[in-house]
Amino acid sequence: MTEPLPIRLTVNGAPVRRFVEPRLSLADFLRQDLGLTGTHLGCEMGACGACLVRLDGRAVHACLTLAVQADGGTVETVEGLTEAGTLADLQAAFHARNALQCGYCTPGMLVAAQDYLAQDGAPSREAIRDALSGNYCRCTGYEAIVDAIAEVARARRAGRQA
Ligand code: FES
Ligand code: FES
C-alpha cells in the first residue's frame, strides 16, 4: 500500500498542509479535502474544462493534475478568484447576458476567460471561441458566453486606456 505524502501549498491565499494519497487528483483534493466544490468535475479526462483552476498563475485541468504536483504551489479556485473580485466583471457580464443556464460549465468558463483575457487584451469573437474550445457547455450554445467575454474585453481595454 502506498503511504500518504505530505504537501504544503497555498489555496486562495491561505496556507494548507495535508497528507494525501499519491494518486489523489487536485480536483478531488480541492472538492473533498477542502470543500471547494466550485471546481466542477465532468469528463475527468481533460476534455470539458469544468475543472479549470489556476496553479501558479496558469489555468490547469485539476482533474489531470495530482494534488502532489501542486506541492509548494499556489492554487486559485473560482471561490478565491470571486472573493478577490478578479472575476467580478466577467460574472456580471455572464449574468446580464444569460451566459449560463445550469451553471455546471461556468466556473471553468470563467477561469478560462480570465486566463485568456490576461494574455490577449483585444480578442476577436473567433479568438474567444478558439480560446474556449476546451470548455464544453451543453446549455447555452456559446453565443452569449462569447458576447459576455467580448464585452468584458472591450471594457477592460477602455479602462486601461482611460
Ligand atoms: S473534468 Fe477536467 S477537463 Fe473535464
Ligand atoms: S450552462 Fe449548463 S453546461 Fe453550460
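The questions and answers below look at the cores, a helix pair and some single residues of a predicted model.

In this predicted model, local features need pLDDT of at least 70 and side-chain atom pairs count only at pLDDT 80 or more, while totals for chains, interfaces and linings use all residues. Residues are numbered from 1 along each chain as its sequence is written, chains are lettered from A and ligands numbered from 1 in the order in which they are written, and side-chain values use heavy atoms, with hydrogens and water left out.

Q: Which helix supplies the largest share of the largest nonpolar core?
A: A nonpolar core is a set of buried Ala, Val, Leu, Ile, Met, Phe, Trp, Tyr and Cys residues joined through side-chain atoms within 4.5 Å, where buried means under 20% relative accessible area, exposed over 50% and partly exposed in between, with a 1.4 Å probe and protein chains only. The largest such core has 27 residues, of which Leu90, Phe94, Ile145 and Ile149 touch the most other members. At least two residues of this core come from each of helix H2 (78–83), helix H3 (88–96), helix H4 (106–119) and helix H6 (143–161), helices (H or I, at least four residues) and strands (E, at least two) being DSSP runs numbered from the N terminus. The largest share, 8 residues, comes from H6.

Q: How many residues does the other core, the one with Leu9 among them, hold?
A: This core lies apart from the largest nonpolar core, and its residues include Leu9, Leu41, Val53 and Ala67. Its size is 21 residues.

Q: How are H3 and H4 oriented to each other?
A: Two packed helices are described by the angle between their axes and the distance between the axes. Axes are lines fitted to C-alpha atoms, for helices over the stretch in contact, and angles run from 0 to 180 degrees between N-to-C directions; for H3 and H4 the angle is about 125° and the axes are 10 Å apart. Angles under 35 degrees count as roughly parallel, over 145 as roughly antiparallel, 65 to 115 as roughly perpendicular and the rest as oblique. H3 and H4 are therefore oblique.

Q: Which residues of H4 are met by Leu90, Gln91 and Phe94 in H3?
A: Contact means heavy atoms within 4.5 Å. By that rule, the three H3 residues Leu90, Gln91 and Phe94 meet Thr106, Met109, Leu110, Ala113, Gln114 and Leu117.

Q: Which strands do the buried residues of H1 pack against?
A: In helix H1 (residues 26–33), the buried residues are Leu26, Ala27, Asp28, Phe29 and Leu30. These buried residues of H1 pack against E1, E2, strand E3 (52–55) and strand E5 (74–76).

Q: Is Val16 buried or exposed?
A: Val16 is found in strand E2, where, leaving out residues up to four places away in sequence, Val16 touches Ile7, Arg8, Leu9, Val11, Phe29 and Leu34. Its relative accessibility is 9%, so Val16 counts as buried.

Q: What relative accessible area does Arg54 have?
A: Arg54 is found in strand E3 and, leaving aside its neighbours within four places in sequence, is in contact with Ala59, Thr74, Val75, Glu76, Leu81, Val111 and Gln114. Arg54 is buried, because its relative accessible area is 14%.

Q: What is the phi of Asn12?
A: Asn12 is found in the loop between strand E1 (5–11) and strand E2 (14–20), and counts as partly exposed at 28% relative accessibility. Phi is positive here in a residue other than glycine, with a value near 50°.
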